[in-house]
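Dear colleague,

I am passing on the structure we spoke of, and I would be glad if you could look through it alongside the notes that follow.

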Amino acid sequence: MRERVRFFTKKSGHKYDKDPATVCSTAVNSGIRSISPRLASRMSVEAIVRTIRRRGIVHRLYLGNSCLGDSGCVRLFDFLNSPAGRPCRESLTELFLTQNDIGPHGLLAVAGFMKDNTVLRELCLSGNPLTRDADVIREFVTSLNSSRLCTLQLLHSNSLSDPFVQAFLPGLTTPYLRQLDMSAINMTRAVVPIIVDYVRSPRCHLERLQCNANSLSLLGARSIIDAIKKSNHTLGKVNVDDQHMDEHGGGAEERAIAWQEGWRILSSATRRNSGSRITVKTEATALLRYCRALYLRSGQRESLNPPQPASLFSRESLRYQKSCLFFKLPFEIHLEILTFLAPALSYQQLVRVVRYAADITSLPRVGHEPMVKHGGSKAIVARDRVSAVERQPFEGSWRPPEWWECHCFSFNCSALRRWKRERRDIWLTEVGCDTWESGY
């Protein structure tokens, strides 16, 4: 086990080689692994736990091919759920457990860690056998629904097949999941109706769905594409390429024409979804700023929220409210006027944004951040260590210290102020403005 950090390529110019917020493991000695997998698992997890204990902050765990197995996975999450592992649990946003031979017991341990977890954003379980046990899968889905996970990767797990999908997708209701990768897990056309039902339902908030390298068939892929075109307004990137598409009837030319037509329909639908989603998010965020300035400067009306104590507002704000004719209008007229500022929002989306903006208790907390010692004389700024339950809603994920964040001058930098983007996306999800919504 050695500690190393690899965020970006050399071309990007980012310098994270000494970043202490990442724990990255390498494979245990192959000789030990071949003699005793259990011993290799124990050695690996003990080394990982020791490394986590030495760190003041752990933002990422890259533990691919670490020989954890079920026993090591259970041991790792027992530690993370203990008081000693609490700092790591409350700052960990990315967890990669690729190719660790994780089975049902390990998946249950992952589910226990994910339950009510508001910080973890990305989870990779690719290359693990996991399980086909419906009860274990339902427990995992229940925990996933209670979390704020954005990305779930289940690639290259051939043992999952149709039984996993049949137990997984029908129970998936989380509004926070944005990316689901199920490539090369041996799915067949038998699960196409389940996928179609999910992408058509309001339960689906995905922006990216990967189902390629399976056996969905050309007809199955077209069914999914048609469902996205007619009933889905969230997916902006979809891959349903079938590795056995040439085995399902018709000549080669007919299949090629049919697939090209399907690809054209899919591209049109995903472009439509991406454009409308960006418009809705932009207008909702702008409307929040307008309404904050309007309603919080003037005090709050009883028609919007429960009345607040007069001491919360300045005398100038109260005088402004009494003198402004706008606040003598009914709330419905307010909404009609505000519609011109956000025409892409539905009536219900508009109401939710205005009510949230006018609620003074929804303002973010302001306070000083404590200093945490790390590495002897080096002190870093860390977030106050409060539990996930105690955090205010819409607060977003763990905020990295200033020195850790990227300070490059690129406007499109993917690492720049990630926690701010996540806080915004969480708020958009909570007020139902993460996608286009039909109806007035």
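Below are the notes on the sheet, on one loop residue and on a surface patch.

Please keep in mind throughout that this is a predicted model.

The sheet is an open one, made of 8 strands that pair in parallel and follow the order β1-β2-β3-β4-β5-β6-β7-β8. Its edges are taken by β1 (22-24) and β8 (237-239), and because each of these has a single partner strand, one side of each is left without a neighbour in the sheet. From one strand to the next, the twist averages 5 degrees. Within this arrangement, β2 (residues 60-62) and β3 (residues 94-96) run parallel and are joined by 3 bridges, and Y62 has F96 in β3 as its bridge partner.

Turning to the loop between α8 (192-200) and β7 (208-210), this is where L206 is found, and L206 counts as buried because its relative accessibility is 0%. Once neighbours within four places in sequence are left aside, the residues in contact with L206 are L177, R178, Q179, L180, Y198, T234 and L235. P175 is separated from L206 by 31 residues in sequence, while the distance between them, C-alpha to C-alpha, is 8.3 Å.

On the surface, finally, there is a nonpolar patch formed by L329, I333 and I337, which together have about 210 Å² of accessible area. Of these residues, I333 belongs to helix α12 (residues 331-338), and I333 counts as partly exposed because its relative accessibility is 38%.

With best regards

Key. Residues are numbered from 1 along each chain as its sequence is written. This is a predicted model: local features need pLDDT of at least 70, side-chain atom pairs count only at pLDDT 80 or more; totals for chains, interfaces and linings use all residues. Side-chain values use heavy atoms; hydrogens and water are left out. Patches are made of residues with over 30% relative accessible area and no salt bridge: like charges are joined within 9 Å, nonpolar side chains (Val, Leu, Ile, Met, Phe, Trp, Tyr) within 5 Å. Accessible areas come from the Shrake-Rupley method with a 1.4 Å probe; for residues, only the protein chains shown count as cover. A salt bridge is a side-chain nitrogen of Lys or Arg within 4 Å of a carboxyl oxygen of Asp or Glu. Helices (H or I, at least four residues) and strands (E, at least two) are DSSP runs, numbered from the N terminus. Buried means under 20% relative accessible area, exposed over 50%, partly exposed in between (1.4 Å probe, protein chains only). Two strands pair if DSSP finds at least two bridges between them. Axes are lines fitted to C-alpha atoms, for helices over the stretch in contact, and angles run from 0 to 180 degrees between N-to-C directions. Contact means heavy atoms within 4.5 Å.
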